[in-house]
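User: I am new to this structure and would like a close look at a single part of it, set in the context of the rest of the chain. Please take your time and connect the pieces as you go.

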Amino acid sequence: MIGILASAAAHPPPAQGARQAIGYPTLFLLVALGSLIPVVPTGALVSGAGVVAFHQSDPLSTVYVFAVAAFAAFLGDIALYWLGMRGVRSRNGSRWLHRLQDRVDDSTLDRAQRQLDEHGATVLVLSRLIPAGRLPVMVACLLAEMPMRRFARGDVVACLAWAAAYQLIGVLGGSLFPEPWQGVALAVGLTFAIAAGPTVLRHLRKAPPHEAPR
């Protein structure tokens, strides 16, 4: 998808609509898939699509990207939560619930559970904006057996905020360069750097301190 965005940015079709240039159906499918199976860099996709939309002649292109990204993320989250709820209600759990729990370490889950107890469903908004924060909070909601309706109310706001934040990165990246592909490269690089930030910090904290020379 990132390659498609870069190609569309480098060779934007002058007489075609933004849908054909950005590939809304592909964006929708990949964001939904990335929300359901957290392996697709959805933030980078939305930022890249935001750059391409910024350089289109149709001013509504950015609105379309925002709407498609937010709706796809919401559907993916709801589907994943529903699958996890089936595991919570089952005596033996489920493959989906076990996979979610395996991706979250105990200390992070404990912190997410405390935040959930203190702030309720509003913590879902921050979990979407903080890199690697979505799954721990979702697992905490599942273990607390939060009803689907309550989860959905918090998650719809979270997905809107998430789509707006990553599209803003794309719009800013697109405004800095005359060529769309340059903005795509910057936006994608920034989103990957943001996503890698928590992992780098964890490794730095775990690294043993250097002994002072004698």
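Where is Ile-37 found? Please start there and then lead me from that place into the core.

Analyst: Ile-37 is found in the loop between H3 and H4, in what is a predicted model. With a relative accessible area of 36%, Ile-37 is partly exposed, because that value falls between the 20% under which a residue counts as buried and the 50% over which a residue counts as exposed. Along the chain Ile-37 and Asp-77 are 40 residues apart, yet in space their C-alpha atoms are 9.6 Å apart. Asp-77 in turn is one of the residues touched by Phe-151, and Phe-151 leads into the core.

Before following that path, it helps to have the whole chain in view. The secondary structure of the protein chain comes to eleven helices and zero strands, so that from the N terminus on every element in the run is α. Of the 214 residues, 42% count as buried. Among contacts between residues at least 6 apart in sequence, 77% join residues at least 24 apart.

Confidence also needs a word. The chain averages a pLDDT of 77, and 69% of the residues score at least 70. Over residues 1-22 the pLDDT is below 50, although this stretch has 37 contacts in the model beyond near neighbours in sequence. Over residues 210-214 the pLDDT is also below 50, and there the model shows zero contacts beyond near neighbours in sequence.

Now to the core itself. The largest nonpolar core has 44 residues, and those that touch the most other members are Tyr-81, Cys-141, Phe-151 and Trp-162. The elements that give two or more residues to this core are helix H3 (24-36), helix H4 (42-54), H5, H6, helix H7 (106-119), helix H8 (123-129), helix H9 (134-143) and helix H10 (148-176). The two helices on either side of the loop that holds Ile-37, H3 and H4, are thus both on that list. The largest share, eleven residues, comes from H5. In soluble globular proteins, nonpolar side chains tend to be buried together.

Phe-151 shows how parts of the chain meet here: leaving aside residues up to four places away in sequence, Phe-151 touches Asp-77, Ile-78, Tyr-81, Leu-124, Met-138, Cys-141 and Met-146. Two of these, Met-138 and Cys-141, are among the buried residues of H9. Nine of the ten residues of H9 are buried, which leaves this helix mostly covered. Another of its buried residues is Pro-136, and the C-alpha atoms of Pro-136 and Asp-106 are 9.4 Å apart although 30 residues separate them in sequence. Asp-106 lies in helix H7 and, because its relative accessible area is 61%, counts as exposed. Just after H9 comes Glu-145, whose place is in the loop between H9 and H10. Glu-145 has a positive phi of about 55° although it is not a glycine, and Glu-145 is exposed, with a relative accessible area of 54%.

H10 can be followed through two of its residues. Val-157 is found in H10 and counts as partly exposed at 44% relative accessibility; its C-alpha atom is separated by 6.4 Å from that of Val-125, 32 residues away along the chain. Gln-167 also lies in H10, but at 7% relative accessibility Gln-167 counts as buried. Gln-167 and Ser-47 are 120 residues apart in sequence and 4.9 Å apart in space, C-alpha to C-alpha. Residues up to four places away in sequence aside, Gln-167 touches Val-46, Gly-50, Thr-62, Val-63, Val-65 and Phe-66.

The last step returns to H5, the helix with the largest share of the core. The axes of H5 (residues 61-89) and H6 (residues 95-102) come within 7 Å and cross at roughly 105°, which means that H5 is roughly perpendicular to H6. On the H5 side the contact is made by Leu-80, Leu-83, Gly-84, Gly-87 and Val-88, and on the H6 side by Trp-96, Leu-97 and Leu-100. By class, this contact has six nonpolar, two polar and no charged residues.

Definitions and conventions: Residues are numbered from 1 along each chain as its sequence is written. This is a predicted model: local features need pLDDT of at least 70, side-chain atom pairs count only at pLDDT 80 or more; totals for chains, interfaces and linings use all residues. Side-chain values use heavy atoms; hydrogens and water are left out. Axes are lines fitted to C-alpha atoms, for helices over the stretch in contact, and angles run from 0 to 180 degrees between N-to-C directions. Helices (H or I, at least four residues) and strands (E, at least two) are DSSP runs, numbered from the N terminus. Angles under 35 degrees count as roughly parallel, over 145 as roughly antiparallel, 65 to 115 as roughly perpendicular and the rest as oblique. Contact means heavy atoms within 4.5 Å. Ala, Val, Leu, Ile, Met, Phe, Trp, Tyr, Cys and Pro count as nonpolar, Asp, Glu, Lys and Arg as charged, and the others, Gly among them, as polar. A nonpolar core is a set of buried Ala, Val, Leu, Ile, Met, Phe, Trp, Tyr and Cys residues joined through side-chain atoms within 4.5 Å. Buried means under 20% relative accessible area, exposed over 50%, partly exposed in between (1.4 Å probe, protein chains only). pLDDT is the predictor's confidence in each residue, from 0 to 100.
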